[in-house]
Amino acid sequence: MKNVRDAYESPFASRQIATKKTIKHLGLLTTDLTQALKAPQPSLEKLAALINAAQHDLAALQVSSPELSWGIDYMLQHGAVAAKLTGGGGGGCYYALLPNRQAGDKLIEALSDSPTACQSWLMPFSSESNISEKE
């Protein structure tokens, strides 16, 4: 994406350093997420923290957009424990992690009444029983 390339090539050393650190952090988050997903009982809390941290980094890299950020915030306000853009950014695709099917159904209903999404669908994580919620 042009914003990231511009940051790498910035005449300001601090911007270059911040960009490199953020991209390195995204790589570490990816590794951590891969490990968390391999756990026999993936923790919803851990997965949510990693996904939300990645979205924060993507926003810092200016890969997100106001429309994506607004939609992500909307999902977080309507039952999602995490939400993040997907794809190359700058477009309009994002996803959410929800604690269960009931929360997913409520979010789909909320999105149907909102200008934040033109299409929505639920995808099971794997099975609703393989994520342990912290109570």
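Student: Which residues lie nearest the centre of the largest pocket?
Tutor: This is a predicted model. The largest pocket is lined by 37 residues. Those nearest its centre are Tyr95, Ala96, Trp121, Leu122 and Met123.

Student: Which element gives the largest share of the lining of the largest pocket?
Tutor: Elements that give two or more residues to this lining are α2 (13-38), α3 (44-60), α4 (66-77), β2 (94-97) and α5 (101-112). The largest share is five residues. That share comes from α5.

Student: How many residues of that lining are nonpolar, and what volume does the largest pocket have?
Tutor: The lining holds eight polar and three charged residues. The nonpolar ones number 26. The volume of the largest pocket is about 1100 Å³.

Student: In what order do the elements of the protein chain run from the N terminus on?
Tutor: The secondary structure comes to five helices and two strands. From the N terminus on, the order is α-α-α-α-β-β-α.

Student: What share of the contacts with a separation of 6 or more joins residues 24 or more positions apart?
Tutor: The protein chain has 135 residues, and 33% of them count as buried. Among contacts with a separation of 6 or more, the share from residues 24 or more positions apart is 52%.

Student: Where do Ala103 and Gly79 stand in space, C-alpha to C-alpha?
Tutor: Ala103 sits in helix α5. Its relative accessible area is 15%, so Ala103 is buried. Along the sequence, Ala103 and Gly79 are 24 residues apart. In space, their C-alpha atoms are apart by 5.9 Å.

Student: What span should the 17 residues of α3 have at 1.5 Å a residue?
Tutor: The expected span is 1.5 Å times one less than the number of residues. The end C-alpha atoms of α3 are 24 Å apart, which agrees with the expected span of 24 Å.

Student: Which elements are included in what covers the buried residues of α3?
Tutor: The buried residues of α3 are Leu44, Leu47, Ala48, Leu50, Ile51, Ala54, Gln55, Asp57 and Leu58. Their cover includes α2, α4, β1 (82-85) and β2.

Student: Which element gives the largest share of the largest nonpolar core?
Tutor: This core has 28 residues, of which Leu26, Met75, Leu85 and Leu97 touch the most other members. At least two residues each come from α2, α3, α4, β1, β2 and α5. The largest share is seven residues, and the element that supplies them is α3.

Student: What does Leu97 touch, not counting residues up to four places away in sequence?
Tutor: Leu97 is one of the core residues that touch the most other members. Several of its partners, including Leu44, Leu47, Ala48 and Ile51, also appear among the buried residues of α3. The full set is Leu44, Leu47, Ala48, Ile51, Ala80, Val81, Ala82 and Phe125.

Student: Is Thr19 buried or exposed?
Tutor: Thr19 belongs to helix α2. Leaving aside neighbours within four places in sequence, Thr19 is in contact with Val4, Ala7, Tyr8 and Leu61. Its relative accessibility is 5%, so Thr19 counts as buried.

Student: Which residues does Thr22 touch, not counting residues up to four places away in sequence?
Tutor: Thr22 also lies in helix α2. At 16% relative accessibility, Thr22 counts as buried. Its partners are Asp57 and Leu61.

Student: What is phi of Gln62?
Tutor: Gln62 comes just after α3, in the loop between α3 and α4. Its relative accessibility of 41% makes it partly exposed. Phi is positive, in a residue other than glycine. The value is near 65°.

Student: Why does Val63 count as buried?
Tutor: Val63 is in the loop between α3 and α4. Buried means under 20% relative accessible area. Val63 counts as buried because its relative accessibility is 7%.

Student: What separates the C-alpha atoms of Val63 and Gly87?
Tutor: Along the chain, Val63 and Gly87 are 24 residues apart. Their C-alpha atoms are separated by 10.0 Å.

Conventions:
Residues are numbered from 1 along each chain as its sequence is written. This is a predicted model: local features need pLDDT of at least 70, side-chain atom pairs count only at pLDDT 80 or more; totals for chains, interfaces and linings use all residues. Side-chain values use heavy atoms; hydrogens and water are left out. On a 1 Å grid over the protein atoms alone, a cavity is a set of points where a 1.4 Å probe fits but cannot get out, and a pocket is an open set with protein on both sides within 12 Å along at least five of seven lines; lining residues have an atom within 4 Å of a point. Grid points are joined across faces, edges and corners, and a volume is the space filled by probe spheres set on the points. Helices (H or I, at least four residues) and strands (E, at least two) are DSSP runs, numbered from the N terminus. Ala, Val, Leu, Ile, Met, Phe, Trp, Tyr, Cys and Pro count as nonpolar, Asp, Glu, Lys and Arg as charged, and the others, Gly among them, as polar. Buried means under 20% relative accessible area, exposed over 50%, partly exposed in between (1.4 Å probe, protein chains only). Contact means heavy atoms within 4.5 Å. A nonpolar core is a set of buried Ala, Val, Leu, Ile, Met, Phe, Trp, Tyr and Cys residues joined through side-chain atoms within 4.5 Å.
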